Every structure is written in structure tokens, then in C-alpha cells.
Amino acid sequence: MSVLTRRLDPLAIAAELDQNGFACIENAIDPKWIEEAQSYVNGLVSEKGRRYFALTWPSRNKGTPPHTLGADPDIQALMGELARIGCPSAATDEEIYTVLRVVAGASGEGKSLIYHYDKYVITALVPVFIPPGPKRKSGELLIFPNKRRYRAFAWLNILEKAIVQSGWYRRRVTDKLPADDSELDIKILKPGNLYFFWGYRTYHTNFPVSEDVVRATMLLHHGDPHPSSLLLKAWKAHQIKKESRILESVDA
Ligand SMILES: O=C(O)CCC(=O)C(=O)O
Ligand SMILES: [Fe+2]
């Protein structure tokens, strides 16, 4: 059985992302999965202590909720479609990149307001624990949707990110945040819902999380607009071909 409660239409989601920069699919995640993911995270928190941690590729641990999610064929197909619609030239042959992000305790403070663009075309966000709480203190997601286009060159992306993800730039953005929430695109998330945004194009971050609560999200990223190994891959394929030709001629 799929982790998704129903079939989702990638074209409709992509259209919404182009228009509004964000999509919320209500009750898209099987409640049973949420329950299992919550007890999985609780286990991790009691094992690691109340601090910030992020597990990369948690989906590779078989028998865990992150694996069930990452290995779900419907989710894989949806992520592939969305990545191709968002950026037709992006590489989508890689395994979906997953992160389980847990913010708990005082160390979460330093991990907030770190504005960034994701490396991949599409970001899917699956909330596991979302604390209720005071405004701008419960890890709310803040987005500046579809702020940039795909950059034609990887080096341009690197250069741009070096600027807009630098300490002074981030501090400036924070200093200039309007006090009025209605002037900002703040997303209040809810476990059970599934959220999407164009991660590569959307400048985004999280507000701090007060010390006494736990916030946990599963992130899925897919579609590499700058597959660095494209040239390398082509060269390798060429080498293999050349080699087989050599072998053929030796055999002959
Ligand atoms: O946990 C979240 O709400 C988003 C985190 C994020 O942007 C990321 O891990 O790339
Ligand atoms: Fe992100």
C-alpha cells in the first residue's frame, strides 16, 4: 500500500507551484505512516538527546518510515514527473535525496533563519512533528517563492548562492523582515499534509524553535539542474565504447 492516500496529479501541482509558489495537499499522507514516523523520531530523540540533528539519506535504512516513504513507487513517480516538468533538462535518474530534520533543544537556535535555495528542482516536505506555538518561534517555514530562474551554468548558481547564502546577506534579510506577518509568506505546516515548492527557485528558511518542543520534518529533493557529472558520464560512456571497440578489434 502506498504512503499516499490518493493519486496526485503532477501537472496540477506544477501549475499551482508556477502560480502560487507553494502547494499543500491536505491529508495526502497515510495516518499510519505519520504515527510510525513520530515514534521513530521519538526514539531518535531519546537516543541522541534533545538537540538539532539531520539525518541524510534516512530512506536508505530499510524497515524505517523514511525508507517506506522514499521507496514508495507513487512518490518516486510523482517526484520524477514534478522535477521534469519544473526543469526538463534536470537529471532525474538519481535516487531521491532525503533528509530527516529534527530540531529540539537549545541547539536549534543556530539552525534557524538560514535562508537558502535547495540544490534540486522540487522539494517535498512531509511534516512529522510541528509544534504549536508562539509566532516566529515554532520553526515556521518562510518562503520567497519562485524568486529566481534556473541558472544556465553551475558556476553561476554557485556564485549566486555564495552571495545570497552568506552570513551578512542572511542577517540583512532577517533585519529587514517586516514585523507584520501578513507581508510575509509564512507557512504553518500540519502532519498528514504534503507540501511542495520549487526548491531550487525558492529562497526559504525556518524560524527558530523554542527549546522545549520538537519539530521534525522529512524532506525529499529531486531533479538536479546542474548534474556536475554529466560531462564525466559522457566521457566515461565514450571510454567504455572505445574500450569495447579495442577489445573487439583484439578479438577479431
Ligand atoms: O524543515 C523545513 O521546514 C525545511 C527545511 C529545508 O528547507 C531544507 O532542509 O532544505
Ligand atoms: Fe531547503
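The following paragraphs describe the sheets, helices, aromatic contacts and iron site of a predicted model.

The six-stranded sheet is open. Its strands follow the order β1-β7-β4-β9-β3-β2, and their pairing is antiparallel. β1 (23-25) and β2 (53-56) stand at the edges. Each has a single partner strand, so one side of each is left without a neighbour in the sheet. From one strand to the next, the twist averages 20 degrees.

At one edge, β1 pairs with strand β7 (residues 194-197) in the antiparallel sense. Three bridges join β1 and β7. Within this pairing, A23 stands opposite F196 in β7. Helix α1 (residues 10-20) lies across β1, β4 (122-129) and β7. The helix runs at about 140 degrees to β1. Helix α2 also packs on the sheet, where it touches β2, β3 (97-104), β4 and β9 (214-222). The direction of α2 makes about 75 degrees with that of β4.

Helix α2 spans residues 31-48 and includes E35. E35 is exposed, at 57% relative accessibility, because the threshold for that class is over 50%. The C-alpha atoms of E35 and P191 are separated by 9.7 Å. Along the chain, E35 and P191 are 156 residues apart.

The β2 edge is held by β3. These two strands pair in the antiparallel sense over four bridges. V102 in β3 is the bridge partner of F53. In a regular strand, side chains alternate between the two faces of the sheet. β2 shows such an alternation. F53 and L55 point to one face and are buried. A54 and T56 point to the other face and are not buried.

A further open sheet has three strands, in the order β6-β5-β8. Pairing in this sheet is antiparallel. β6 (186-187) and β8 (203-206) are the edge strands, and each pairs on one side only. Strand β5 (residues 141-144) is joined to β8 by four bridges, and the two run antiparallel. Between β5 and β6 there are two bridges, again in the antiparallel sense. Individual partners can be assigned along β5. L141 stands opposite N206 in β8. L142 stands opposite I186 in β6. I143 has H204 in β8 as its bridge partner.

H204 is also a ligand of the iron ion (ligand 2). The iron ion is coordinated by H116 (NE2), D118 (OD) and H204 (NE2). The coordination distances are 2.1 to 2.2 Å. Along the chain, the donors follow the spacing H-x1-D-x85-H. Two of these donors were classified by accessibility. H116 has a relative accessible area of 22% and is partly exposed. D118 is buried, with 8% relative accessibility. D118 is buried because its value is under the 20% cut-off, whereas H116 falls between 20% and 50% and is therefore partly exposed.

Aromatic contacts were examined next. The whole structure contains twelve aromatic pairs. One of them joins Y97 and Y120, whose ring centres are 5.8 Å apart. The ring planes stand at 35 degrees, so the pair is tilted. Y97 lies in strand β3, and Y120 lies in the loop between β3 and β4. The pair therefore ties together parts that are 23 residues apart in sequence. Y97 is partly exposed, at 22% relative accessibility. Y120 is buried, with a relative accessible area of 11%. W168 and Y169 form an edge-to-face pair. Their centres are 5.8 Å apart, with 65 degrees between the planes.

W168 and Y169 also belong to an aromatic cluster. Its members are Y115, Y117, F144, W168, Y169 and Y203. One cluster member, Y117, carries a charge over its ring: the charged end of R148 sits 4.1 Å from the ring centre. The charged end of R148 also sits over the ring of Y200, at 3.9 Å from its centre.

Note on methods. Residues are numbered from 1 along each chain as its sequence is written. Chains are lettered from A and ligands numbered from 1 in the order in which they are written. This is a predicted model: local features need pLDDT of at least 70, side-chain atom pairs count only at pLDDT 80 or more; totals for chains, interfaces and linings use all residues. Side-chain values use heavy atoms; hydrogens and water are left out. Donors are N, O and S atoms within 2.8 Å of the metal (3.2 Å for Na, K and Ca); water is not among the atoms, so sites may look incomplete. Buried means under 20% relative accessible area, exposed over 50%, partly exposed in between (1.4 Å probe, protein chains only). Two strands pair if DSSP finds at least two bridges between them. Axes are lines fitted to C-alpha atoms, for helices over the stretch in contact, and angles run from 0 to 180 degrees between N-to-C directions. Contact means heavy atoms within 4.5 Å. Rings of Phe, Tyr and Trp (its six-membered ring) pair if their centres lie within 6.5 Å; planes under 30 degrees apart count as stacked, over 60 as edge-to-face and the rest as tilted. A charge sits over a ring if NZ of Lys or CZ of Arg is within 6 Å of the ring centre and within 35 degrees of the ring normal.
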